[in-house]
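Subject: Structure handover

Hello,

Here is the structure you will be taking over. My notes on it follow below.

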Amino acid sequence: MRSEILDSAQFRGTCGRFTTGVTVATVMAADGSPHGITVSSFTPVSLEPPLILICVDCRAQFVRHLPEGHKFGINMLEESQQGLSRQFSRKEAVRFSGIAWHTGKTGVPLLPSVLAIMECKLIQRVSAGDHFILVGQTLHASFYEGDPLTYFNGCYRKLLWEPWNARSQEGFGDGMDWSLII
Ligand SMILES: Cc1cc2nc3c(=O)[nH]c(=O)nc-3n(C[C@H](O)[C@H](O)[C@H](O)COP(=O)(O)O)c2cc1C
């Protein structure tokens, strides 16, 4: 299905104005080797049951190792982990090299020192254009203190915290609210 009117660069540029966090989705292949891919399309979907989704390119190696019912991990990156994001969007062979990864409760490979971790079971794979929407039921989740790595307009960003009323003319709020500057 091709769009008659919308230019692809315009679409990409517009989507790039949406700020996201950065995750690495991981899976253990049938031969016991770990696989992972940098993914910014993570979205929480439902609280009851606890569902999340990621969107992954149909051509990505990752989807070949993830049949329905199989487990996968979501590693939410912390602000200093740009290197991991780059490493997991490069060629498959180098992705886990030099990384002290470990296995989670479900056997999925997990990355060290991340901001949060989820272990999920793939319950639905929806074909949507050139991507698959992968819906996972979260079986285990844990989070730690820290700030996230963010991605905006094709660049990595850090959050900078400053008091909200330092930037507002009227100073609404009592100084206890904080704004995020990306
Ligand atoms: C910050 C960032 C976010 C990304 N988000 C996604 C995503 O949500 N879905 C996706 O399919 N690829 C995404 N990619 C691209 C993949 O990580 C990259 O194409 C990867 O090499 C594909 O892996 P493959 O070897 O399994 O094909 C992203 C890359 C970066 C750097």
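Two strands pair if DSSP finds at least two bridges between them. Please keep in mind that this is a predicted model.

Overall make-up

The secondary structure of the chain amounts to three helices and 14 strands. The chain has 182 residues, and 24% of them count as buried. If you take the contacts between residues at least 6 apart in sequence, 61% join residues at least 24 apart.

The three-stranded sheet

One open sheet is formed by three strands in the order E1-E11-E12, with antiparallel pairing. Its edge strands are E1 (20–21) and E12 (155–157), each of which pairs on one side only. Two bridges link E1 to strand E11 (residues 150–152), and the sense is antiparallel. Which residue of E11 is the bridge partner of Gly21? That partner is Thr150.

The seven-stranded sheet

A second open sheet has seven strands, ordered E3-E2-E6-E9-E10-E5-E4, and its pairing is antiparallel. The edges are E3 and E4 (43–46), since each is listed as pairing on one side only. On average, neighbouring strands of this sheet are turned by 35° against each other, direction ignored. As background, strands of a sheet pair through backbone hydrogen bonds, either parallel or antiparallel.

Going through some of the pairs:

- Strand E2 (residues 23–28) runs antiparallel to E3, and six bridges join the two. Ala25 stands opposite Ile37 in E3.
- E5 pairs with strand E10 (residues 131–143) in the antiparallel sense over seven bridges. Here Ile52 has Gly136 of E10 opposite.
- E4 and E5 are antiparallel and joined by three bridges. Thr43 stands opposite Leu53 in E5. These two strands, E4 and E5, form a hairpin that has four residues between them.

The nonpolar core

Which residues touch the most other members of the largest nonpolar core? They are Val24, Ala25, Ile37, Val56 and Leu77, out of 29 residues in that core. At least two residues of this core come from each of E2, E3, E5, E6 (71–76), E9 (116–128) and E10. E2 gives the most, with four residues. In general, nonpolar side chains tend to be buried together in soluble globular proteins.

Ala25 deserves a separate entry. Leaving out residues up to four places away in sequence, Ala25 touches Gly36, Ile37, Val39, Ile54, Phe62, Phe72, Gly73 and Ile74. Ile37 is thus listed among the contacts of Ala25, and Ile37 is also the residue that stands opposite Ala25 in the pairing of E2 with E3.

The ligand

How many residues surround the ligand? There are 17, and the closest are Ser41, Asp57, Ala60, Gln61 and Ser89. By class, this shell has eight nonpolar, six polar and three charged residues. Strand E3 (34–39), strand E5 (51–57) and helix H2 (61–64) each supply at least two residues of the shell.

Two strands therefore come up again here: E3 and E5 supply residues to the shell around the ligand, and both also supply residues to the largest nonpolar core.

Regards

How values were computed
Residues are numbered from 1 along each chain as its sequence is written. This is a predicted model: local features need pLDDT of at least 70, side-chain atom pairs count only at pLDDT 80 or more; totals for chains, interfaces and linings use all residues. A residue is near a molecule or strand if its C-beta atom, placed from the backbone, lies within 6 Å of it. Ala, Val, Leu, Ile, Met, Phe, Trp, Tyr, Cys and Pro count as nonpolar, Asp, Glu, Lys and Arg as charged, and the others, Gly among them, as polar. Axes are lines fitted to C-alpha atoms, for helices over the stretch in contact, and angles run from 0 to 180 degrees between N-to-C directions. A residue is buried if 20 or more other C-beta atoms lie within 10 Å of its own, exposed if 12 or fewer, and partly exposed in between; C-beta atoms are placed from the backbone. Two residues are in contact if their C-beta atoms, placed from the backbone, lie within 7 Å. A nonpolar core is a set of buried Ala, Val, Leu, Ile, Met, Phe, Trp, Tyr and Cys residues joined through C-beta atoms within 7 Å.
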